[in-house]
Amino acid sequence: MSGNAEEVTRRNAEAEGVAGRVELVTGDMRSLPVEDASFDLVVSSLAVHNIPDADGRDGAITEAYRVTAPGGRLLLADFRHAPRYADVLRGLGAQEVAVRDLGWRFWYGGPWFGTGMVTARKPG
Ligand SMILES: C[S@@+](CC[C@H](N)C(=O)[O-])C[C@H]1O[C@@H](n2cnc3c(N)ncnc32)[C@H](O)[C@@H]1O
């Protein structure tokens, strides 16, 4: 989508000087090819809304939570559905769940598509 490619991500990692600490894995966010509790921090930016159906988006949030380690954090930025992601995380038992508006710098084309940031923690 929009020309996103692994090579572009690799170049970004090199530009930031972190390529030696980055492993790129491609998969469907509704069924991540990684084990439970793999990451201390899970981030997503303007991605989950691309899943057209609500069940699929709920599944992606559930997967994000599954791969978060106990005590780990999630930061999920998206427009339209951020409050729903927060509800799903609360239902899964996440703590410190909050949604905040990221303001005009994160407008997706204009003020009609503001972006919300969902933050949460998995209990330790
Ligand atoms: C608008 S781009 C955002 C990319 C990046 N996070 C950013 O902020 O530049 C949305 C991305 O979601 C990816 N995507 C859409 N559906 C997906 C799915 N089911 N599983 C994994 N990635 C998906 C697309 O390939 C695309 O790279």
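A residue counts as buried if 20 or more other C-beta atoms lie within 10 Å of its own, as exposed if 12 or fewer do, and as partly exposed in between. Keep that handy for the exercises below, and remember that you're looking at a predicted model.

**Exercise 1. Work out how many residues of helix 1 are buried, and what that says about where the helix lies.**

Solution.
- Step 1: Find helix 1, which covers residues 6–15 and has 10 residues.
- Step 2: Apply the cut-off of 20 or more C-beta atoms within 10 Å. The number of buried residues in helix 1 turns out to be 0.
- Step 3: With 0 buried, helix 1 lies largely in the open.
- Step 4: Look just past the helix. Gly17 follows helix 1, and its phi is positive, near 75°.

**Exercise 2. Decide whether Leu24 and Ala69 are buried, partly exposed or exposed.**

Solution.
- Step 1: Place the two residues. Leu24 sits in the loop between helix 1 and strand 1, while Ala69 belongs to strand 2.
- Step 2: Count neighbours. Leu24 has 10 C-beta neighbours inside 10 Å, so it counts as exposed.
- Step 3: Ala69 has 15 other C-beta atoms within 10 Å, so it is partly exposed.
- Step 4: See what they touch, skipping residues up to four places away in sequence. Leu24 touches Glu6, Thr9 and Arg10. Ala69 is in contact with Ala37, Ser38, Phe39, Asp40 and Lys122.
- Step 5: Check a distance for Ala69. Its C-alpha atom is 8.8 Å from that of Pro123, although the two are 54 residues apart along the chain.

**Exercise 3. Find out how the buried residues of helix 2 are arranged around its axis, and what covers them.**

Solution.
- Step 1: Helix 2 runs over residues 54–66, and its 13 residues reach 18 Å from the first C-alpha to the last, close to the 18 Å expected at 1.5 Å a residue.
- Step 2: List its buried residues: Arg57, Asp58, Ala60, Ile61, Ala64 and Tyr65.
- Step 3: These residues cover an arc of only 155° around the axis, which puts them on the same side of helix 2.
- Step 4: Here's some background on that spacing. An α-helix has 3.6 residues a turn, so residues three or four places apart point the same way.
- Step 5: Among the elements covering the buried residues of helix 2 are strand 1 (39–45), strand 2 (68–79) and helix 3 (82–92).

**Exercise 4. Sort the residues of helix 3 into a buried side and a face turned away from it.**

Solution.
- Step 1: The buried ones are Ala82, Tyr85, Ala86, Val88 and Leu89.
- Step 2: Seen down the axis of helix 3, they fall within an arc of 160°, so they line one face.
- Step 3: On the face turned away from the buried side you'll find the exposed residues Pro83 and Arg90.
- Step 4: The cover over the buried residues of helix 3 includes helix 2, strand 2, strand 3 (95–101) and strand 4 (115–121).
- Step 5: Just after helix 3, Gly93 takes a positive phi of about 100°.

**Exercise 5. Describe the residues around the ligand.**

Solution.
- Step 1: There are 10 residues around the ligand, and Asn4, Met29, Ser45, Ala47 and Asn50 come nearest.
- Step 2: Sort the shell by type, and you get 5 nonpolar, 3 polar and 2 charged residues.

How values were computed: Residues are numbered from 1 along each chain as its sequence is written. This is a predicted model: local features need pLDDT of at least 70, side-chain atom pairs count only at pLDDT 80 or more; totals for chains, interfaces and linings use all residues. A residue is near a molecule or strand if its C-beta atom, placed from the backbone, lies within 6 Å of it. Ala, Val, Leu, Ile, Met, Phe, Trp, Tyr, Cys and Pro count as nonpolar, Asp, Glu, Lys and Arg as charged, and the others, Gly among them, as polar. Helices (H or I, at least four residues) and strands (E, at least two) are DSSP runs, numbered from the N terminus. The expected span of a helix is 1.5 Å times one less than its number of residues. The arc is that of the directions from the helix axis to the C-beta atoms. Two residues are in contact if their C-beta atoms, placed from the backbone, lie within 7 Å.
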